[in-house]
Amino acid sequence: MKKLLLEMLEGSGELDLQSIVLRLVAATLIAVFIYISYMLSHEGSIYSKKFNVSLMALTVITTSVMIVIGNNIAMSLGMVGALSIVRFRTAIKDSRDTVYIFWAIVAGICCGAGDYQVAAIGSAFTFVLLLLFGRIKNDNRMLLIIRAARINEERIEAVVFQYFASKTTLRVKNTTESSVEFIYEISRRQLERAEKAQRTRAAGRHIADAIYEVGSVEYCNLVMQNDEISG
């Protein structure tokens, strides 16, 4: 019994040089696949060539770790303990980057374990999925910030309702004894539709112009919110 447990802890032995090279080559090929996919699904300032190269390296490194661990349970436990001290504090620019990191790690694990079919087929499906849907972007949100005299509070709310009805969301409403500040959240699409609807009328005008006509308005700002952080 003790001998069986010892064999399970120590694993089934080391791989030969040919098997090690084969697994690393497979990992490198899939890493190139990941590189191309990331380059195609990202564009502009959101694309980071350094991060893309890091994904390739991560795939190969994960494969190397899996080769070292093999079926050795004791080695795997020690490796988990050693890697648990690592802390990653790099800011993720895009939520899709997390998907690519996970893809690189899983592909490296598959190649390191010798499951080339799983690595290849899984990567192919992931590549097609990200190619088809990777360029989909969120509808950019905008903040409509208005500061005016408090006596015109109801009139400003009426103007905003006239343009957007219930489609806009009041996020913040700050008041003092003499002033009031509104922060509405709208989408670019909602703003364009509202202004297009107003242009069809004889008195059609920009939302800012309509708000300033109320009077005693200190400022009216439109601020773009974007989930994609440029680096």
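**Exercise 1. The surroundings of Trp 103**

Trp 103 lies in helix α5 of this predicted model. Determine whether Trp 103 is buried or exposed, and list which residues Trp 103 touches beyond those up to four places away in sequence.

*Solution.* Begin with the accessibility: the relative accessible area of Trp 103 is 6%, and since buried means under 20%, Trp 103 is classed as buried. Next, collect the contacts, leaving out residues up to four places away in sequence: Trp 103 touches Phe 33, Ile 34, Ser 37, Ser 123, Thr 126, Phe 127 and Leu 130. Finally, add a backbone distance for one of these partners: the C-alpha atoms of Trp 103 and Ser 123 are 7.7 Å apart, although the two residues are separated by 20 residues in sequence.

**Exercise 2. Phe 127 as seen from helix α6**

Phe 127 is found in helix α6. Establish which residues are in contact with Phe 127 when its neighbours within four places in sequence are left aside, and how far the C-alpha atom of Phe 127 is from that of Tyr 38.

*Solution.* The contacts of Phe 127, with those neighbours left aside, are Phe 33, Ile 36, Ser 37, Leu 40 and Trp 103. Phe 127 has a relative accessible area of 16% and is therefore counted as buried, the limit being under 20%. As for Tyr 38, its C-alpha atom is separated from that of Phe 127 by 9.0 Å, while the two residues stand 89 residues apart along the chain.

**Exercise 3. The two aspects of helix α2**

Describe the extent of helix α2, state which of its residues are buried and what covers them, and then identify the nonpolar surface patch to which α2 gives the most.

*Solution.* Start with the extent: α2 runs over residues 17-41, which makes 25 residues, and the distance from its first C-alpha to its last is 36 Å, close to the 36 Å expected at 1.5 Å a residue. The buried residues of α2 are Arg 23, Ala 26, Ala 27, Ile 30, Ala 31, Ile 34, Tyr 35, Ser 37, Tyr 38 and Ser 41. In reading such a list it helps to recall that an α-helix has 3.6 residues a turn, so residues three or four places apart point the same way. The cover over the buried residues of α2 includes α3 (49-69), α5 (95-113) and α6 (116-133).

Turn then to the surface, where Val 32, Ile 36, Met 39, Leu 40 and Leu 131 form a nonpolar patch whose accessible area together is about 370 Å². Helix α2 contributes 4 residues to this patch. Leu 40, which lies in α2, is partly exposed at a relative accessible area of 34%.

**Exercise 4. Thr 62 in helix α3**

For Thr 62, found in helix α3, determine which residue has its backbone oxygen 2.7 Å from a polar side-chain atom of Thr 62.

*Solution.* The backbone oxygen belongs to Leu 58. Thr 62 counts as buried, at 12% relative accessibility, and, leaving aside its neighbours within four places in sequence, Thr 62 is in contact with Ile 105, Gly 108 and Ile 109.

**Exercise 5. Salt bridges**

State how many salt bridges are counted, and analyse the pairs formed by Arg 147, Lys 173 and Glu 185.

*Solution.* The count comes to 5 salt bridges. As a general principle, side chains of opposite charge can pair when their charged atoms come close.

- Arg 147 pairs with Glu 218, their closest N and O atoms being 3.0 Å apart. The pair links distant parts of the chain, 71 residues apart, with Arg 147 in strand β1 and Glu 218 in strand β4. Arg 147 is partly exposed at 24%, whereas Glu 218 is exposed at 54%.
- Lys 173 pairs with Glu 153, their closest N and O atoms being 2.3 Å apart. Lys 173 belongs to strand β2 and Glu 153 to helix α7, so the bridge ties together parts that are 20 residues apart in sequence. Lys 173 is partly exposed at 37%, whereas Glu 153 is buried at 15%.
- Glu 185 pairs with Arg 171, their closest N and O atoms being 2.6 Å apart. Glu 185 is in strand β3 and Arg 171 in strand β2, so this bridge ties together parts that are 14 residues apart in sequence. Glu 185 is buried at 16%, whereas Arg 171 is exposed at 51%.

As a last step, place Lys 173 and Glu 153 in their wider setting: together with Arg 150 and Glu 157, they are linked in a network of salt bridges.

Note on methods
Residues numbered from 1 in each chain as written. Predicted model: local features only at pLDDT ≥ 70, side-chain atom pairs only at ≥ 80, totals over all residues. Heavy atoms only, no water. Expected span 1.5 Å × (residues − 1). Buried < 20%, exposed > 50% of the residue type's maximum accessible area, 1.4 Å probe, protein only. Contact = heavy atoms within 4.5 Å. Patch = residues over 30% accessible without salt bridge, like charges linked within 9 Å, V, L, I, M, F, W, Y side chains within 5 Å. Areas by Shrake-Rupley, 256 points an atom, 1.4 Å probe, with all protein chains shown as cover. Salt bridge = Lys/Arg side-chain N within 4 Å of Asp/Glu carboxyl O. Polar contact = N/O pair within 3.5 Å; in protein donor to acceptor, adjacent residues only side chain to side chain.
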